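I opened a fresh notebook page for this one and kept my entries short. Here is what I looked up, in the order I went through it.

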Amino acid sequence: VSRLFPLQGLDGITIATDYRTALNELDREMNSTEVTEPTVESFGTGMAMSSAVVRDGILKTHVTFEAAIIGGLISDDPEIKDLSTHTFIHELGHVAEHGINAERFGDQMLTPMEDKYEFELYRLTNSCWSEYYASRVSAPWGAHALEGLRELLQGSLEQMVERLTAARAGVGMFNNTQNDQAANEIIDQVSKLMKFAGYVIGHASGEDVLPVEEESIHRDLLEQLDLSDWFDDLVATLEQLYDSREEWDDLSVFHPLHRAFEDACFKFKLELIRDERYTLGWRIYF
């Protein structure tokens, strides 16, 4: 794989029978109190993660695998072996993607942005680009993976419909607590949607096929949420980012993803705004 894309930023690989504990105990040498947790959604649970770490002042990537993924590499079952191989190389794609960031942006990757509003949007949207890149470069090893990724996208869309319907039910002029809860739910669900969209769009780009078919449940769900055109614009944004990656010189190259995030939130009557009192301000409409 290192002959195809750069892996100089690989710090190491951990193979864990206790995946959660391995993630929690990873020494990242970063000024953060956040505990790294496995991805757990109602429609899927993660079994591998590439985490940013700092070694001697240099940003690197440490990959943690649930042991079953590594065991699958030597399985006699072709489906399990193919899935494990694809997952393994997908994570190495993250190593390469993180390496591009370190090369292009240097110390910018180790310090918060001065613009707190854009920094928060970067935090909420960067997984979209990250999963797009890793999925695109690993697509040749995942000939049958696209349908599974589309199922994850479907799950995120269905979860969005369910949770945002419930969250907005309590929104009102004098319901400040419910309004804040609804705003946070919208922000969380849009962030997750963009992440899972990144998987699908990236893999489809690697295979040179449409990310979602026109007559499909995925397109129907996007239409239901008035996000169909938004999704197509996101495809174009990610493609442009990929094509221009050799020319990046500042983290502002990711701002189009921030604007996509704002647009998606506004579809659910949540307007994100700059406010000196908060990292991220908003107005929610009834």
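**Salt bridges, the count.** I call it a salt bridge when a side-chain nitrogen of Lys or Arg lies within 4 Å of a carboxyl oxygen of Asp or Glu. With that rule I find 18 salt bridges in the structure. I keep in mind that this is a predicted model.

**Arg123 and Glu120.** I started in helix α4, residues 116-138, which holds both Arg123 and Glu120. They sit three residues apart, about one turn of the helix. Their closest N and O atoms are 2.6 Å apart, and the two form a salt bridge. I also looked up how open each partner is. Arg123 is partly exposed at 48% relative accessible area, whereas Glu120 counts as buried at 16%.

**Glu262 and Arg259.** Next I went to helix α9, residues 255-267, where Glu262 and Arg259 are likewise three residues apart, about one turn of the helix. I read 2.7 Å, N to O, for their salt bridge. Glu262 is buried, with 18% relative accessibility, and Arg259 is partly exposed, with 29%. I then followed the shared partners: salt bridges join Asp115, Glu118, Arg259, Glu262 and Arg274 into one network.

**Glu214 and Arg219.** I noted a salt bridge here too, with the closest N and O atoms 3.3 Å apart. Arg219 is buried, its relative accessible area being 5%. Glu214 is partly exposed, with 47%.

**Lys195.** Which side chain of opposite charge is nearest to Lys195? I found Glu131, 5.0 Å away. Lys195 has no salt bridge, because the limit is 4 Å between the side-chain nitrogen and a carboxyl oxygen and Glu131 is 5.0 Å away. Lys195 is nevertheless buried. I placed Lys195 in helix α6, residues 176-207. Setting aside residues up to four places away in sequence, Lys195 touches Thr39, Ser127, Cys128 and Glu131. So Glu131 is a contact of Lys195 without being a salt-bridge partner, given the 4 Å limit.

**The sheet.** I turned to the strands and traced an open sheet of three, in the order β1-β5-β4, with mixed pairing. Its edges are β1 (10-16) and β4 (48-55), each of which pairs on one side only. From one strand to the next, the twist averages 25°. I looked more closely at β4 and β5 (residues 58-66): they run antiparallel and are joined by eight bridges. One bridge I looked up pairs Arg55 with Ile58 in β5. What packs on this sheet? I found helix α3, residues 78-105, which touches β1, β4 and β5. The direction of α3 makes about 170° with that of β5.

**Val171.** My last stop was the loop between α5 (146-168) and α6, where Val171 is found. Is Val171 buried or exposed? I put it down as buried, with 15% relative accessibility. Leaving out neighbours within four places in sequence, I see Val171 in contact with Asn179, Ala182, Ile284, Tyr285 and Phe286. I also checked one longer span: Val171 and Glu276 are 105 residues apart along the chain, and 25 Å separates their C-alpha atoms.

Technical notes:
Residues numbered from 1 in each chain as written. Predicted model: local features only at pLDDT ≥ 70, side-chain atom pairs only at ≥ 80, totals over all residues. Heavy atoms only, no water. Helix = DSSP H or I, 4+ residues; strand = E, 2+ residues; numbered from the N terminus. Buried < 20%, exposed > 50% of the residue type's maximum accessible area, 1.4 Å probe, protein only. Lys, Arg positive; Asp, Glu negative; His and termini not counted. Contact = heavy atoms within 4.5 Å. Pairing = 2+ DSSP bridges. Axes fitted to C-alpha atoms, helices over the stretch in contact; angles between N-to-C directions.
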